[in-house]
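Trainee: I'm new to this one. Could you walk me through it with a few questions and answers?

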Amino acid sequence: MAKNICKEKMSLVEKLGVHLENREQLAPVAARILSYIILTGKKGTTFEDMVTILCASKSTISTHLNHLQDLKKIEYFTKTGDRKKYFIINADTIIQHVDKMINDWKEIRELHLEIKNYKDNQNNKSIENEEEKFDLNFHNDYIKFIDGASASIEELRLKLIKVKDNKQTIRYLN
């Protein structure tokens, strides 16, 4: 059973790694490290575990861990009585990704709105033949979709911030 989970996890590390390589413009090993950390979760993973599991040299893992920390994509914590660092995903990374999505969608929305307005003006000013007029349904539907998706992702963003703030408050109190 544990072998199947490990095999499944490593398959997903590879798949997510390829995605992150492209989306985040990361080196292949850095993307695999980030993927592994994401899939390991809150318990974190150690440097030694990554060297063993990702089959990379200590210097390669160290270089990419430092780079990911410089990019603020990961952070680490330590446990009392344990000298090891446990690497986890930085919660800000997820919020930053969501913010980027929201901004990208705003740009796309504005562009579609501008195109729609242009086409609407052309329909009203210079195109007299009904068959030659621009169909605006696609733009209307796409703008409606972006508005709905933006509202949903904004709701997720607020939840992420609330969870992050709660965790920081708990750490402060302890």
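Mentor: Sure, and let's settle a term before we start: a residue is buried when its relative accessible area is under 20%, exposed when it is over 50%, and partly exposed in between. Keep in mind that this is a predicted model.

Trainee: With that cut-off, what percentage of the residues in the protein chain is buried?


Mentor: The protein chain has 174 residues. Counting those that are buried gives a share of 27%.

Trainee: What pattern do the helices and strands follow along the sequence?

Mentor: Start with the tally: the protein chain has 6 helices and 2 strands. Read along the sequence, they come in the order α-α-α-α-β-β-α-α.

Trainee: What radius of gyration does the protein chain have, set against a compact globule of 174 residues?

Mentor: Look at the box first: along the principal axes, the C-alpha atoms fill roughly 80 × 40 × 35 Å. A compact globule of 174 residues would come out near 16 Å, but the radius of gyration of the protein chain is 23 Å.

Trainee: How far apart are the centres of the positive and negative side chains?

Mentor: The protein chain exposes about 12,300 Å², with carbon and sulfur atoms supplying 53% of that. As for charge, there are 29 positive and 26 negative side chains. The centres of those two sets are separated by 12 Å.

Trainee: Now the strands. In which sense do β1 and β2 pair, and over how many bridges?

Mentor: Strand β1 covers residues 74-79 and strand β2 covers residues 82-89. Their pairing is antiparallel, and the number of bridges is 6.

Trainee: Which residue in β2 is the bridge partner of Glu-75?

Mentor: Glu-75 falls in strand β1, which runs over residues 74-79. Across in β2, its bridge partner is Ile-88.

Trainee: And which residue takes a positive phi in the hairpin of β1 and β2?

Mentor: The hairpin has 2 residues between the strands. The one with a phi near 80° is Gly-81.

Trainee: Asn-90 caught my eye. Is Asn-90 buried or exposed, and which residues is it in contact with beyond its neighbours within four places in sequence?

Mentor: Asn-90 sits in the loop between β2 and α5. Its relative accessible area is 8%, so Asn-90 is buried. Leaving aside those sequence neighbours, the contacts of Asn-90 are Lys-72, Lys-73, Ile-74 and Glu-75.

Trainee: Lys-72 is in that list. What is its phi, and is Lys-72 buried or exposed?

Mentor: You'll find Lys-72 in the loop between α4 and β1. Most residues other than glycine have a negative phi. Lys-72 is not a glycine, yet its phi is positive, at about 65°. With a relative accessible area of 53%, over the 50% cut-off, Lys-72 is exposed.

Trainee: What about Gln-25: where does it lie, and what is its phi?

Mentor: Gln-25 lies in the loop between α1 and α2. At 66% relative accessibility, Gln-25 is exposed. Gln-25 is not a glycine either, and its positive phi is about 55°.

Trainee: Let's try the loop between α3 and α4. Is Cys-55 buried or exposed?

Mentor: Cys-55 has its place in that loop. Its C-alpha atom is 13 Å from that of Ala-30, which is 25 residues away along the chain. The relative accessible area of Cys-55 is 70%, so Cys-55 is exposed.

Trainee: And Ala-56, in the loop between α3 and α4: is Ala-56 buried or exposed, and which residues does it touch, not counting those up to four places away in sequence?

Mentor: At 17%, the relative accessible area of Ala-56 is under 20%, so Ala-56 is buried. Val-29 is 27 residues from Ala-56 in sequence, and their C-alpha atoms are 8.1 Å apart. With those sequence neighbours set aside, Ala-56 touches Val-51 and Ile-61.

Trainee: Last one: how far apart in space are Lys-144 and Gly-44, C-alpha to C-alpha?

Mentor: Lys-144 is part of helix α6, and its 64% relative accessibility makes it exposed. Along the sequence, Lys-144 and Gly-44 are 100 residues apart. In space, C-alpha to C-alpha, the distance is 40 Å.

Note on methods. Residues numbered from 1 in each chain as written. Heavy atoms only, no water. Pairing = 2+ DSSP bridges. Rg over C-alpha atoms; globule rule 2.2 N^0.38 Å. Buried < 20%, exposed > 50% of the residue type's maximum accessible area, 1.4 Å probe, protein only. Areas by Shrake-Rupley, 256 points an atom, 1.4 Å probe, with all protein chains shown as cover. Lys, Arg positive; Asp, Glu negative; His and termini not counted. Charge placed at Lys NZ, Arg CZ, Asp CG, Glu CD. Contact = heavy atoms within 4.5 Å.
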